[in-house]
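Take a slow look at the whole chain before you pick out any part. Then follow one residue inward and see what surrounds it.

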Amino acid sequence: ARAWYGRMVLPPKEAVIPASLSENRKTFGTLRAIMVEATLGGVEDPEAMSLGCSAPDLRPTHRELSACEAGTIFCWNRCMNTTEDRGVWYGVSDEICAEQGKQLQCTDVRGHIYNSSYDRHGDYNPNCVAPGAPHVNSDFPTLPGYPTDPEVCNQEAWDAFSATDGFEFSTALGPRGKLMWNVVEGEGGPAIESKMAYNGLFGYTSWGLRNNALGAGKNGMQGAWVAMALPGDDYTLTGGLNLSLPGSILPYQIDEVHSRFRYWKGSGQPDSAANQGRHGEPIPTVPDTLYNKSIHATGCFSSMSFTASVLGEEAITIDGSDNVIWAANVENAYVESHGRSNRGIVVIEWRTGATEFRDYPPPPLPAPPPPAPPAAPPSSGGGGLSAAAIGGIVGGVVGGLAVGLLAYYCGLKAGWFATAGDKTAAKGASYQPRQGTEQRM
């Protein structure tokens with residue numbers, strides 16, 4: 001059993017849906033009404049049923065399971081073509097798999113069959129696997145020493161590791177990272193001397209220049225040029241990086257359609273059905289435009305340092321500002337997803353050090369200011385009491401007299417007040433509280 005809490009937020013009724021979902025630019029209110037009418041009437045409207053999905057070929061799972069056409073397979077929440085899908089060549093089918101004594105399945109890169117009940121970041125593709133192949137029930141193997149020991153990898157150790165000595169400028173990269181830099185005279189003119197430090201194990205660290213083209217995928221990540229430090233070499237899909245080999249810092253261009261590392265320009269990965277390549281040849285390499293490179297990794301933290309004026313084929317706007325994207329992986333050596341908490345965007349003006357946080361996650365919050373002293377009571381300006389204050393005083397006096405008179409009357413009726421004779425008789429006697437009352441000292 002499980003319990004969960006969620007909140008649905010609907011867009012305004014007058015908001016126009018994206019053109020990718022409708023050619024005649026209906027509003028969300030109109031399309032939602034069509035969806036409700038179609039559902040109640042038992043007639044499926046393809047356009048209406050796409051409401052809430054991110055692309056026209058995405059539909060609710062229970063509908064798509066039975067709607068995938070021949071030559072496609074339900075894979076990672078949509079129908080994928082088993083031969084070629086969105087520019088990626090798979091070259092499989094039920095017939096091809098049967099000839100190999102295998103079955104057509106939706107698998108991850110390790111050949112594990114898609115498991116809708118296991119929650120992990122997706123990277124699934126049509127594939128031929130042997131009968132009895134395991135379903136996805138775990139994530140990639142983690143780095144040695146993961147998770148780190150908080151008593152060893154404490155704040156004092158991080159502060160020492162990420163010290164900005166020798167750098168004129170620095171900015172937070174979310175709550176766990178730091179980028180520091182100088183503007184220097186480099187090999188061919190002005191350049192950025194940089195160091196990125198990150199609080200976590202070394203899966204990879206990366207920063208680069210956001211793709212600002214209109215419609216660039218994943219908030220400008222796809223198509224962006226980045227510099228990335230890796231802890232090993234000889235990357236393979238099933239084995240990740242070989243951590244016994246030296247690491248590297250190199251420029252890459254993230255693919256404009258697919259965000260996985262195997263598609264990046266500069267990764268040097270072979271183009272084959274086994275690797276799901278899409279370029280028709282080994283993925284192109286790029287010139288190494290980085291120099292003065294170094295990597296420092298401990299059992300707690302990591303950093304990469306380099307100097308550059310150009311990242312691959314994209315020049316850093318040294319005399320202006322750039323939308324800088326950054327990411328890190330602290331869990332595994334598979335050059336896999338960074339997760340939502342280890343990525344972000346920050347605008348940097350290189351020569352002045354001015355920065356502006358743009359996207360998830362936010363940098364650490366500054367310490368709250370001390371509480372302000374209580375404000376002085378307002379005055380009337382002439383030094384005297386206001387009419388409201390005078391009214392309050394008069395009302396309080398009158399109310400107090402009324403309560404006192406009422407109490408005196410009740411006391412007489414109840415015999416609470418003694419006569420002179422009674423006082424003489426009781427002189428020297430101890431006080432005895434009335435039964436049923438609460439004594440407060």
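Start with Trp-350. Setting aside neighbours within four places in sequence, Trp-350 is in contact with Phe-169, Trp-181, Val-183, Ile-192, Trp-207, Ile-316, Thr-317, Ile-318, Gly-320, Asp-322 and Val-324. Contact here means heavy atoms within 4.5 Å.

A word on the source. This is a predicted model, where local features need pLDDT of at least 70 and side-chain atom pairs count only at pLDDT 80 or more, while totals for chains, interfaces and linings use all residues. Residues are numbered from 1 along each chain as its sequence is written, and side-chain values use heavy atoms, with hydrogens and water left out.

Trp-350 also belongs to the largest nonpolar core, which has 29 residues. Met-196, Trp-207, Phe-306, Leu-311, Ile-316 and Trp-350 touch the most other members. Several strands feed this core: β7 (169-173), β8 (177-185), β9 (190-199), β10, β11 (225-230), β16 (301-308), β19 and β20 (343-349) each supply at least two residues. A second, separate core holds 23 residues, among them Ala-224, Leu-241, Tyr-252 and Ile-254. A nonpolar core is a set of buried Ala, Val, Leu, Ile, Met, Phe, Trp, Tyr and Cys residues joined through side-chain atoms within 4.5 Å. Buried means under 20% relative accessible area, exposed means over 50%, and partly exposed lies in between (1.4 Å probe, protein chains only). In soluble globular proteins, nonpolar side chains tend to be buried together.

Now step back to the whole chain. There are seven helices and 21 strands. Helices (H or I, at least four residues) and strands (E, at least two) are DSSP runs, numbered from the N terminus. Of the 441 residues, 36% count as buried. Among contacts between residues at least 6 apart in sequence, 51% join residues at least 24 apart.

Next, find the six-stranded sheet. It is open, antiparallel, and ordered β14-β11-β10-β19-β20-β21. Its edge strands are β14 (248-253) and β21 (355-359), and each pairs on one side only. Two strands pair if DSSP finds at least two bridges between them. Neighbouring strands of this sheet are turned by 25° against each other on average, direction ignored. Axes for such angles are lines fitted to C-alpha atoms, for helices over the stretch in contact, and angles run from 0 to 180 degrees between N-to-C directions.

Why is β19 largely enclosed by the rest of the structure? Eight of its nine residues are buried, so the rest of the structure largely encloses β19. On one hand, six bridges join β10 (residues 204-209) to β19 (residues 321-329). Thr-205 has Ala-328 as its bridge partner, and Gly-208 stands opposite Ile-325. On the other hand, seven bridges join β19 to β20, again antiparallel. There, Asp-322 stands opposite Ile-348.

Move on to the five-stranded sheet. Its order is β7-β8-β9-β16-β15, open and antiparallel. The edges are β7 and β15 (291-297), each pairing on one side only. Here the average turn between neighbouring strands is 15°, direction ignored. Within this sheet, β9 and β16 pair over eight bridges. One bridge matches Met-196 with Met-304 in β16.

Finish at Phe-167, in the loop between α4 (155-161) and β7. Beyond its neighbours within four places in sequence, Phe-167 is in contact with Met-180, Trp-181, Asn-182, Glu-193, Ser-194 and Lys-195. Phe-167 and Glu-193 are 26 residues apart along the chain, and their C-alpha atoms are separated by 8.7 Å.
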